[in-house]
Every structure is written in C-alpha cells, then in structure tokens.
Amino acid sequence: TLDRSSAASDVYKRQRKFYELLEGFDISKELKVKECSKGMKDKIQIALSLSRKAKIYLLDEPMSGVDPKSRKMVLNAIIENFDYEGILLISTHLISEVEKVLDRVIFMEHGKITLDESVDEIRENYHMGVEEYFTEVL
C-alpha cells in the first residue's frame, strides 16, 4: 500500500526542488510559461526533469536555447541536481560546453553509432579532447 504521508512528502520535496532550481535560473515562479522566451522554457524543462527522482535523465539539447552566458550556470545546475543513483544522458552538439563533465561519449551519424568510448580512452588513445576528436577524426 502507498503511504500517503510519504507520497505527500515526496511531492513536496520535488516541488521545493523545482522552485529552488527556478530561482537559481532567475525565473519567477509567478511567471506564466507563455510569457517565457525559448531559453527560459528550456530552463523550466530542465528544472522539471531534475526535480524528479528518476533512474534515467535524458536531456536533449538542454542548452541549445540558452544564451552563452547562462550555459555554464545551466550545466552546473544539471550536474549538481540530478540524482546520482540514476544515469544522465545528454544529447548535444555543444560538445565543448559539456566535455569536462562527461564520463563516456557516444557519437551517432544517420542513426548509427560511430563511436562509443570513455572520455579517458579518447584522451589517452588519441591524445586529444572529445570535441577535437569529433571534428578531426569523425
């Protein structure tokens, strides 16, 4: 059976975390979504995702609509707030923005995996960073 007080407590914790993330992104909780820019909507989506306890977090281009000044803040929020009992998958073309926090990379071309290696293996085997490897070798 579901313990109602425990479920209510979990909902409250997720809601509180969501509002903390919004505040960190400098977005008022009073703001209506239709009043938000694309970047603000992307930050709201990230806050919604990270406020949940999940086994897998899949973020598709989480920083594409975010201005360059805010990207570091968004990446830090992602790293600091996802549940480390889960797995974080980030799909992005902004390799240089996320490279320093990656454990493993998977490159795909036309729906097929062309590379699946740890970041350390790429650096050790090819003597270059992930973005450099991507642009020069693949």
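Analyst: Strands are DSSP runs of E with at least two residues, and helices are runs of H or I with at least four, both numbered from the N terminus. In this predicted model, Leu58 lies in strand β1.

User: How many helices and strands are there in the protein chain, and in what order do the elements run?

Analyst: The protein chain has six helices and four strands. Read from the N terminus, their order is α-α-β-α-β-α-β-β-α-α.

User: What makes Leu58 buried or exposed?

Analyst: The cut-off for exposed is over 50% relative accessible area. Leu58 has a relative accessible area of 61%, and is therefore exposed. Its strand, β1 (residues 56-60), has an uncovered face with Ile56, Leu58 and Asp60, whereas Tyr57 and Leu59 make up the covered face.

User: Why do the residues of a strand divide between two faces?

Analyst: The division arises because side chains in a regular strand alternate between the two faces of the sheet.

User: How do you know that β1 and β2 pair?

Analyst: Pairing requires at least two bridges found by DSSP between the strands. Five bridges join β1 to β2 (residues 87-91), so the two strands count as paired according to that cut-off. They run parallel, and Ile90 in β2 is the bridge partner of Leu59.

User: Which unit do β1, helix α3 and β2 make?

Analyst: Together with helix α3 (residues 68-81), the strands β1 and β2 make a β-α-β unit that is right-handed. That term applies because, with the strands pointing away from the viewer, the path from the first strand over the helix to the second runs clockwise.

User: What makes up the nonpolar patch on the surface?

Analyst: The patch is formed by Ile56, Leu58, Ile87 and Leu89, with about 410 Å² of accessible area together. The elements giving two or more residues to this patch are β1 and β2. Nonpolar side chains are joined into a patch within 5 Å, provided that each residue has over 30% relative accessible area and no salt bridge. Leu58, at 61%, satisfies the area condition, because the cut-off is over 30%.

User: Where is His110 found, and what is notable about its phi?

Analyst: His110 is found in the loop between β3 (104-109) and β4 (112-118). Its phi is near 55 degrees, a positive value in a residue other than glycine. His110 has a relative accessible area of 77%, so it is exposed.

User: Why is His127 called buried or exposed?

Analyst: Exposed means over 50%; His127 has a relative accessible area of 70% and is therefore exposed. His127 is placed in the loop between α5 (119-126) and α6 (130-136), and its phi is near 55 degrees, a positive value.

Key:
Residues numbered from 1 in each chain as written. Predicted model: local features only at pLDDT ≥ 70, side-chain atom pairs only at ≥ 80, totals over all residues. Heavy atoms only, no water. Buried < 20%, exposed > 50% of the residue type's maximum accessible area, 1.4 Å probe, protein only. Patch = residues over 30% accessible without salt bridge, like charges linked within 9 Å, V, L, I, M, F, W, Y side chains within 5 Å. Areas by Shrake-Rupley, 256 points an atom, 1.4 Å probe, with all protein chains shown as cover. Salt bridge = Lys/Arg side-chain N within 4 Å of Asp/Glu carboxyl O.
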